[in-house]
Amino acid sequence: MTTQPNALPSARKPLDMRALLDNWAMLLAAVGIFVLCALLIDNFLSPLNMRGLGLAISTVGIAACTMLFCLASGHFDLSVGSVIACAGVVAAIVMRDTDSVMLGIGAALLMGLMVGLINGIVIAKLRVNALITTLATMQIVRGLAYIFADGKAVGVSEEQFFVFGNGQLFGVPVPILITIVCFLFFGWLLNYTTYGRNTMAIGGNPEAALLAGVNVDRTKILIFAVHGLIGALAGVILASRMTSGQPMIGQGFELTVISACVLGGVSLSGGIGMIRHVIAGVLILAIIENAMNLKNIDTFYQYVIRGSILLLAVVIDRMKQR
Amino acid sequence: MTAAALRFDAIGKTFPGVKALDGISFTAHPGQVHALMGENGAGKSTLLKILGGAYIPSSGSVQIGAQVMAFKNAADSIASGVAVIHQELHLVPEMSVAENLFLGHLPTRLGVVNRGLLRQQALACLKGLADEIDPDEKLGRLSLGQRQLVEIAKALSRGANVIAFDEPTSSLSAREIDRLMAIIARLRDEGKVVLYVSHRMEEVFRICDAVTVFKDGRYVRTFEDMSSLTHDQLVTCMVGRDIQDIYDYRAREQGEVALKVDGLLGPGLREPISFQVRKGEILGLFGLVGAGRTELFRLLSGLERASAGSLALCGQALQLRSPRDAIAAGVLLCPEDRKKEGIIPLASVAENINISARAAHSTFGWLLRDGWEKGNADRQIQAMRVKTPNAAQKIMYLSGGNQQKAILGRWLSMPMKVLLLDEPTRGIDIGAKSEIYQIIHNLAASGIAVIVVSSDLMEVMGISDRILVLCEGALRGEQRREHATESNLLQLALPRGAAN
């Protein structure tokens, strides 16, 4: 045992193939489904439909970026659907009262950040289960959205505000651009910063992370705070698209976001997750929904199909781990 | 009622890319305790998993008597009278002892659990094994030793004739070990086939009638006559080379006091504890299970807050509110339970090495530097001789010894003043052990104060300059290396009432 202490026979080629397949399988599946739809469904590739598909991806995609961090750290956040609605309402009200787009967006983002901070502090410092904590804040924030809006949609008349939802840059709608930026930014954050690596470590083994000197509590609070902030951003964009803040919007949205992540391969128990998982999951869900709409499949059947796909995906994931 | 012999016939098991077992053949006879020995990764656990039905062999067969067994799952194995008592017991802590004993076939009356009958049957099961256990007690309230007895009782109640123990004494106290040994002797006298996997030489020589040695998934040889076998012969056979002195102790120069502990009190400690350790010194902490060794380490590493007393590091007062404080000061802990508290199993070897030091080597403290990340991981893998195909390998696929070396690499990436090692070689094979002792010596020689907690008396005596003995949450005595003997350390470690 004198020379080459690290030499261990490694079957390099076949192992890499398998890893490659594991890592990219869902993204390939998304591409496959896209091609299939393009071939089989008329009008699927039409500019109008592509635009609609892109917009459908954008809201879920933005929120899924930070949900990835929640899931990777072994938690999740149910309050994001309510945050989206409340952010839209807050932005609309502040703009109505102050005529300032900046103030409106600022207030909405601040609200999201506060909700996220509260979630994070209760979960990290008071050690309350994330399910219960965010279930509670989900209801509180939803209630607040209704109270602020007095139960009905709040219209926005500031033209400048509509840029976020309906503007275009080089022919690409702004929400899609923001989504792509989010994918890139949070993918980078997860892999190339101490914050991202610590998030993965906490999800992988919280006790070991603590003993290795990771500031577990602070990282958790940051994860939820950023998630609240980004949820609010998604809400602002949605409000801009609809030119109003609607308190009833985004019910069940949190489950769609979590479904998308898990469908793409993010682990619910923490420690496994990559941005390409999120992208794959979001794409697959959106393409299938779009295809079903084009095929005029009844909404009721759409629920059944969506649920079945999710179940199938997680079952395949379990089988892979055997 | 004598059981038939258990024969392994040319057993092979391959996993993708790894040959875990290759042509293993030997026979364990009824009325004998048959030890399986070998370094970690030698294939003992894989063989037990095949015996227990958890793995299906790639080739060869298991035979009981003349019958070839083809276990497809654990239920097949149990039905054929085989019981494997694993290190991690398969019991439900929230349920009662009786429910655990009969889990899966609880006695019922019209579909409702018959509590009276259950208790009766449980009592009959435990009789002679652990008469003091109340069947209605919640299992989680029993000691580890008692839980193991429940597992044995469960196996016997299912009519097991082949009983395999996997490292059964790794977390038992001396008294519990004695009791287990008596029970194993009884099983042997009743004519059962007993397989016994252990790293502990003294136990193998004490209880076993035959030893089969494995190395790297291959059968080496079986010793049928223990009386003519020596300790050294067995070790040589396992390692495949002579080991003169695996501890390789060398005297070192000691500097000023590195860590001074003064009147420390906290959870798990009964009396205030004071001691000091010098730069370059290796201080052993010995004590039986429950002596407060791990609790003391939890205080020194900032995991638990002290209720009284003070710490001083190189003459300066040290306040610990969290592990981060200890790490920032250079007091670094390698925890006892590597899987639970040491490694992040899903992460790569590189991640596990870099996690603690990276903040100091990142731009603005948070933007990772690719060059440092790669360089440091490779450097530590080289220096610690971590055996891994590459730095990106998930650490969960490494052996225990290599995981431990990776954690040492994690701390060597940091400025270190005091290294706390809690059971540094538990569950690690002899080859990797001696490498870890080397590392410990080199660290001490470079001026680091090392405190080693161990329940392995030979290890404590082999590597320490000075040994402190704890007993029931209090410091009971101190011995310098030259004066330490097994008997005087044990004398100090035994609770006063039990010393006889």
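Which residue stands opposite Val261(B) in β14(B)? Phe275(B) does, and the close-up views of this predicted model start around that pair.

**View 1. Two neighbouring strands of chain B run antiparallel.** Strand β13, residues 257–265 of chain B, pairs with β14(B) over five bridges. Look for Val261(B) here, with Phe275(B) of β14(B) standing opposite.

**View 2. Four strands of chain B make an open sheet.** Following the sheet across, the order is β14-β13-β16-β17, with antiparallel pairing. β14 (273–278) and β17 (316–318) of chain B each have a single partner strand and stand at the edges, so one side of each is left without a neighbour in the sheet. From one strand to the next, the twist averages 20°. Strands of a sheet pair through backbone hydrogen bonds, in either a parallel or an antiparallel way.

**View 3. A helix of chain B lies across three strands.** The helix is α9, residues 293–300 of chain B, and the strands it lies across are β13, β14 and β16 (308–313) of that chain. Compared with β13(B), helix α9(B) runs at about 110°.

**View 4. Strand β4 of chain B pairs with β1(B) and with β5(B).** Five bridges connect β1 (residues 6–15) and β4 (residues 59–64) of chain B, in the antiparallel sense. Within this pairing, Leu6(B) stands opposite Ile64(B). On to β5 (residues 67–69) of chain B, which is joined to β4(B) by three bridges, again antiparallel. Ile64(B) appears here too, with Gln67(B) as its bridge partner in β5(B). The hairpin of β4(B) and β5(B) has two residues between the strands, and Gly65(B) takes a positive phi near 65° in this hairpin.

**View 5. Chain A and chain B meet at an interface.** Chain B brings 36 residues to the contact, and chain A brings 28 residues. The size of an interface is often given as the accessible area lost when the parts come together. Between them, chain B and chain A bury about 2,800 Å², with 61% of it on carbon and sulfur atoms.

**View 6. A salt bridge links Arg197(A) and Glu351(B).** Their side chains meet at 2.9 Å, N to O. The count between the two chains is two salt bridges, and eight residue pairs are in polar contact across the interface. On the side of chain B that touches chain A, α10 (323–329), α11 (338–342), α13 (370–384) and α14 (400–412) of chain B each supply at least two residues. Helix α11(B) gives the most, with four residues. By class, that side of chain B has 18 nonpolar, seven polar and 11 charged residues.

How values were computed:
Residues are numbered from 1 along each chain as its sequence is written. Chains are lettered from A and ligands numbered from 1 in the order in which they are written. This is a predicted model: local features need pLDDT of at least 70, side-chain atom pairs count only at pLDDT 80 or more; totals for chains, interfaces and linings use all residues. Side-chain values use heavy atoms; hydrogens and water are left out. Contact means heavy atoms within 4.5 Å. Buried area is the accessible area (1.4 Å probe) that two parts lose on being put together, summed over both. A salt bridge is a side-chain nitrogen of Lys or Arg within 4 Å of a carboxyl oxygen of Asp or Glu. A polar contact is a pair of N or O atoms within 3.5 Å; within protein, one must be able to donate a hydrogen and the other to accept it, and residues adjacent in sequence count only if both atoms are side-chain atoms. Ala, Val, Leu, Ile, Met, Phe, Trp, Tyr, Cys and Pro count as nonpolar, Asp, Glu, Lys and Arg as charged, and the others, Gly among them, as polar. Two strands pair if DSSP finds at least two bridges between them. Axes are lines fitted to C-alpha atoms, for helices over the stretch in contact, and angles run from 0 to 180 degrees between N-to-C directions.
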